[in-house]
Amino acid sequence: YGAFPTDPYSHTPAGAGARQPGMTGQVKEDFIARMGELGIKVSQGAIEFDTHLVDRREILDTGKVFKYVSVDGEFQSLELQAGQLGFTLCQVPVVYTLSDQEKAVVSFQNGDKKEFAGTLLDKQTSRSIFNRENTIKLIEVSIK
């Protein structure tokens, strides 16, 4: 549908002990495969968005609202436009946008932005995402 959460979940409520088992083997396998399809790679602690496997049919033809749960547990929504695809990585929204160049722009909660030539983030930014520090508001990736 152009936007979907990719964060795994278990049947354990936040702030409580385990109540039911987490993901099954098939769900884990599907999750790992899906992350590969979306082009998410991690090498030496840095996230890269290698989008050559992204199915272009998943790119939106018309605008849609992408709803997700943020790192702080709040329900959020994001307007996606035609030519975009949205998903979450460690509860941080990532938006792919078709473009004639490849770049990544990370928007922080404090209003700052960090631009990367290409689709490889640095280790510090990647660590913030992995640790769910809630310092990153959005990752926008321009893809060819």
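Student: In which sense do strand β2 (residues 40-43) and β3 pair?
Tutor: This is a predicted model, in which local features need pLDDT of at least 70, side-chain atom pairs count only at pLDDT 80 or more, and totals for chains, interfaces and linings use all residues. Residues are numbered from 1 along each chain as its sequence is written, and side-chain values use heavy atoms, with hydrogens and water left out. Strands are DSSP runs of E with at least two residues, numbered from the N terminus, and two of them pair if DSSP finds at least two bridges between them. Strands β2 and β3 are joined over four bridges, and the sense of their pairing is antiparallel.

Student: Which residue in the turn between β2 and β3 has a positive phi?
Tutor: Serine 43 has its bridge partner, alanine 46, in β3. The two strands form a hairpin with two residues between them, and the turn residue with a positive phi, about 50°, is glutamine 44.

Student: Which element gives the most to the largest nonpolar core?
Tutor: Such a core is a set of buried Ala, Val, Leu, Ile, Met, Phe, Trp, Tyr and Cys residues joined through side-chain atoms within 4.5 Å, buried being under 20% relative accessible area (1.4 Å probe, protein chains only). Among its 23 residues, Phe49, Leu89, Tyr96, Leu121, Ile129 and Ile139 touch the most other members. Two or more residues come from each of β3 (46-49), β6 (84-89), β7 (92-98), β8 (103-108) and β10 (136-143), while the element that gives the most, with four residues, is β10.

Student: How many residues are in the second, separate core?
Tutor: Leu60, Phe66, Val95 and Leu138 are among the members of this second core. Its number of residues is six.

Note on methods
Buried < 20%, exposed > 50% of the residue type's maximum accessible area, 1.4 Å probe, protein only.
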